[in-house]
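These notebook entries record what I looked up in one structure. I set them down in the order in which I consulted them.

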Amino acid sequence: MENNDKNKRKRVFKFSKKKVCYFCINNIDEIDYKNTDVLSRFITERYKIVSRKASGVCAKHQRKLSTSIKRARIMALLPFTINTKLKS
């Protein structure tokens, strides 16, 4: 009987700290596509847009963020992809 108690493992739940929206904290209503320093925080090293779950941005600002990143890409302020050079 004591052996069964030792074999049972207690479940340990780790609660992570809830992420808070960067734009709500700093009272930023409009996300400017020309501000590439802020936009680069929400782009991976492969220049993909970071998801809401990973970045902690609220849904309202995630929609505005994605449109401003897309505008910055079209205006050539941010690259679409990584520049890969072919060996020749």
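**Entry 1. Contacts of one leucine.** Leaving aside neighbours within four places in sequence, which residues is Leu39 in contact with? I looked this up in what is a predicted model. I found Ile31, Asp32, Tyr33, Leu65, Ser68, Ile69, Ala72 and Leu78 in contact with Leu39.

**Entry 2. Ser68.** I then turned to one of these partners, Ser68, which lies in helix α5. Is Ser68 buried or exposed? Its relative accessibility is 2%, so I entered Ser68 as buried, the limit being under 20%. Not counting residues up to four places away in sequence, Ser68 touches Ile31, Tyr33 and Leu39.

**Entry 3. The nonpolar core.** Which residues make up the largest nonpolar core? I listed 12 residues in all: Cys21, Phe23, Ile31, Val38, Leu39, Phe42, Ile43, Val57, Leu65, Ile69, Ala72 and Leu78. Helices α3 (36-39) and α5 (59-74) each supply at least two residues of this core. The largest share, 3 residues, comes from α5. I noted beside this that in soluble globular proteins nonpolar side chains tend to be buried together.

**Entry 4. Aromatic rings.** How many aromatic pairs does the structure hold? I recorded 3. For Tyr22 and Phe23, the ring centres are 5.2 Å apart and the planes stand at 80 degrees, so I classed the pair as edge-to-face. Accessibility separates these two residues: Tyr22 is partly exposed, at a relative accessible area of 24%, whereas Phe23 is buried, at 1%. Ring pairs link Tyr22, Phe23 and Phe42 into a cluster. I also checked for a charge over a ring, and found Arg41 over the face of Tyr22, at 4.2 Å from the ring centre.

**Entry 5. Cysteines.** How many disulfides does the count come to? The count is 0. Why is Cys21 not bonded to the closest cysteine sulfur? That sulfur belongs to Cys58 and is 3.7 Å from the sulfur of Cys21, which is too far for a bond because a disulfide requires sulfur atoms within 2.5 Å. Cys24 is in no disulfide either; its nearest cysteine sulfur, that of Cys21, is 3.7 Å away. With a relative accessible area of 6%, Cys21 is buried, while Cys24 is partly exposed, at 40%.

**Entry 6. The chain as a whole.** I counted the elements next: the chain has 5 helices and 0 strands. From the N terminus on, the elements run α-α-α-α-α. Of the 88 residues, 22% count as buried. Among contacts with a separation of 6 or more, residues 24 or more positions apart account for 59%.

**Entry 7. Confidence.** Where in the chain is confidence lowest, and where is it highest? I found the lowest in helix α1 (residues 2-7), at a mean of 61, and the highest in α5, at 96. Over the chain the mean pLDDT is 86, and 88% of the residues reach 70 or more. I added a caution for reading: where pLDDT is low, the predicted coordinates should not be read in detail.

**Entry 8. Review.** Looking back over the entries, I returned to α5. This helix has the highest confidence in the chain, holds Ser68 and gives the core its largest share of residues. I also marked Phe23 again, since the notes list Phe23 in the core and in the ring cluster with Tyr22 and Phe42.

Note on methods: Residues are numbered from 1 along each chain as its sequence is written. Side-chain values use heavy atoms; hydrogens and water are left out. A nonpolar core is a set of buried Ala, Val, Leu, Ile, Met, Phe, Trp, Tyr and Cys residues joined through side-chain atoms within 4.5 Å. Buried means under 20% relative accessible area, exposed over 50%, partly exposed in between (1.4 Å probe, protein chains only). Helices (H or I, at least four residues) and strands (E, at least two) are DSSP runs, numbered from the N terminus. Contact means heavy atoms within 4.5 Å. Rings of Phe, Tyr and Trp (its six-membered ring) pair if their centres lie within 6.5 Å; planes under 30 degrees apart count as stacked, over 60 as edge-to-face and the rest as tilted. A charge sits over a ring if NZ of Lys or CZ of Arg is within 6 Å of the ring centre and within 35 degrees of the ring normal. pLDDT is the predictor's confidence in each residue, from 0 to 100.
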